[in-house]
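Biologist: Could you take me through one part of this model up close? I'd like to hear how the pieces there sit against each other.

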Amino acid sequence: MELSFKENVNAMVDGAIRVLGLDEGIAKALKACNSVLKVQFPVKVRGRVELFTGWRAVHSTHRLPAKGGIRFATFVNQDEVEALASLMTYKCAIVDVPFGGSKGGLLIDPTKYNRDEMQAITRRFTLELTRKGFLSPATNVPAPDMGTGEREMAWMADTYKHLVPEDINFTACVTGKPVAHGGIRGRTEATGRGVQFGIREFFRNTKAVKAAHLTKGLGGKKIVVQGLGNVGYYASKFLSEEDGAKIIAIIERDGVLVDKTAGKKQGIPVEKVHQYMVEKGTLKGYSSAGVEFLDKKAGQKALEIECDILIPAALEAQITKKNAKRIKAKLVAEAANGPVTFEADQILKKNGVTILPDAFLNAGGVVVSYFEWVRNISHIRFGRMQRRFEEAKGLQFASALERLSGKPLRKSVKEDLASGPQEVDLVRSGLDDSMRLALQEIFETKKSVKGVDDYRTAAYVVALDKIARSYLDIGVY
Ligand code: NAD
């Protein structure tokens with residue numbers, strides 16, 4: 001029998017617990033989900049009353065608020081929500097974001113409802129979460145996940161504002177909002193951008209690259225991506241457009257687009273394909289030179305295509321004991337949560353496949369959510385105080401250089417020196433720094449801690465060590 005998602009995460013965490021030699025009681029407390037809310041509520045849709053079921057799990061409150069996305073999908077269940085909440089706790093610790101872990105889900109097929117209906121359902125779910133103490137800027141802050149985005153976050157923030165108008169920090173009750181409603185520039189693409197920054201940092205470590213049987217440099221690397229949603233789209237777009245990697249297959253729910261030249265030419269044009277998918281809701285029918293569409297059956301098999309990097313960015317449990325031995329990628333970059341099961345993880349490891357784990361690699365979303373939350377509770381846009389000041393300083397520096405050298409600087413150099421950072425520049429720089437430092441800590445742990453021989457265990461050792469320390473420092477009451 002396959003392990004459940006929660007059992008899979010716990011089995012992986014157990015490896016790190018053994019390495020750290022944690023006290024049995026602390027280990028149990030670390031893995032347990034602190035509280036779970038299940039709500040069932042009616043909404044009138046097209047004249048009929050429909051009953052909806054949703055959950056919000058809080059895994060850890062060792063830091064507050066607890067943070068984690070809300071997904072709208074047809075397969076959400078309590079086990080999944082609890083597993084995802086625990087991943088959030090570990091994720092925040094790995095990238096040094098001072099939040100606990102939480103996750104929510106609503107059992108719904110969002111494609112079956114129009115905008116007004118989705119608004120009514122989302123607002124009612126928000127009311128349930130707020131009234132029961134599972135939504136607040138101080139204690140529990142959701143974000144987008146599968147099936148949700150800026151639109152849902154704006155509805156949630158607005159509903160909370162009407163329910164708790166005396167909370168001066170009401171915009172901070174959710175992150176991932178549209179910029180016009182308290183969001184931050186760079187949040188929408190943050191998870192995909194974080195995947196790019198994480199992979200870039202991996203390629204900066206020549207020893208790690210060699211050990212993964214890869215050649216140096218991201219340029220020309222062949223990538224297969226599963227899922228062209230928020231995370232998969234931005235990750236594959238940035239890696240191909242900015243780092244010169246080649247996307248040789250895009251797997252979606254209804255089939256797969258394959259580069260017939262297997263990366264010998266330019267690879268699949270991600271932006272064009274994404275535009276097509278947004279318009280048509282499917283990859284079927286997309287045509288361009290050298291690219292062919294294969295049906296759903298070929299989609300699952302496409303995970304097994306020979307490539308340098310496989311980026312699962314859709315669902316959990318995509319690589320299991322059934323297909324793990326046929327995976328030919330050298331590096332599996334877990335952009336989705338839980339795409340590799342515990343048993344598959346062991347098989348891939350045995351076969352020499354390197355894994356960059358989800359708890360590190362897809363943490364970009366929560367890093368930028370943290371920036372958004374800080375922006376909301378400080379009620380000021382990042383860069384507002386210093387941008388012009390830094391521009392003036394840069395201009396003074398450029399003038400001093402010109403005076404000393406007796407020659408005018410080139411216009412582009414002068415412009416570069418005299419430009420202060422905009423909010424999106426600061427967000428990107430903070431995200432890059434967070435991903436780089438986190439991977440460096442994982443590299444160091446893998447190298448120096450006895451019994452750690454893969455990046456997933458190293459990442460969990462980093463996380464558990466920080467969380468356990470926080471329990472032990474403060475004490476348990
Ligand atoms: P999304 O809903 O925007 O995209 C998911 C994509 O996967 C869709 O395009 C969907 O059609 C496709 N898909 C669904 N079933 C598929 C299948 N069987 N085969 C291939 N493709 C399939 O969701 P997202 O926000 O991009 O999230 C994707 C994953 O990343 C999830 O595991 C999520 O938990 C994780 N994640 C998301 C964020 C975020 O900020 N959005 C942050 C961290 C982790």
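Modeller: Sure, and keep in mind that this is a predicted model. Let's start with helix 2 (residues 24–31) and helix 17 (residues 455–474), which pack with their axes 11 Å apart at an angle of about 110 degrees. That angle makes helix 2 roughly perpendicular to helix 17, and the crossing is right-handed. On the helix 2 side, I26, A29 and L30 make the contact, while helix 17 brings in L464, I467, A468, Y471 and L472. Sort those residues by class and you get 8 nonpolar, no polar and no charged ones.

Now for the sheet. This one is open, with 5 strands in the order 1-2-4-3-5 and mixed pairing. Strand 1 (35–45) and strand 5 are the edge strands, each pairing on one side only. On average, neighbouring strands are turned by 25 degrees against each other, direction ignored.

Look at strand 3 (residues 66–73) next. Strand 3 runs parallel to strand 4 (residues 100–107), joined by 6 bridges, and there F72 stands opposite L106. Helix 3 (residues 78–94) packs on this sheet, touching strand 1, strand 2 (48–60), strand 3 and strand 4, and its direction makes about 150 degrees with that of strand 4.

Strand 3 also pairs with strand 5 in the parallel sense, over 5 bridges; A66 has N140 as its bridge partner there. As for strand 5 (residues 140–144) itself, 4 of its 5 residues are buried, so this edge strand is largely enclosed by the rest of the structure.

Key: Residues are numbered from 1 along each chain as its sequence is written. This is a predicted model: local features need pLDDT of at least 70, side-chain atom pairs count only at pLDDT 80 or more; totals for chains, interfaces and linings use all residues. Side-chain values use heavy atoms; hydrogens and water are left out. Axes are lines fitted to C-alpha atoms, for helices over the stretch in contact, and angles run from 0 to 180 degrees between N-to-C directions. Helices (H or I, at least four residues) and strands (E, at least two) are DSSP runs, numbered from the N terminus. Angles under 35 degrees count as roughly parallel, over 145 as roughly antiparallel, 65 to 115 as roughly perpendicular and the rest as oblique. A crossing is left-handed if the near helix is turned anticlockwise from the far one by less than a right angle, and right-handed if clockwise. Contact means heavy atoms within 4.5 Å. Ala, Val, Leu, Ile, Met, Phe, Trp, Tyr, Cys and Pro count as nonpolar, Asp, Glu, Lys and Arg as charged, and the others, Gly among them, as polar. Buried means under 20% relative accessible area, exposed over 50%, partly exposed in between (1.4 Å probe, protein chains only). Two strands pair if DSSP finds at least two bridges between them.
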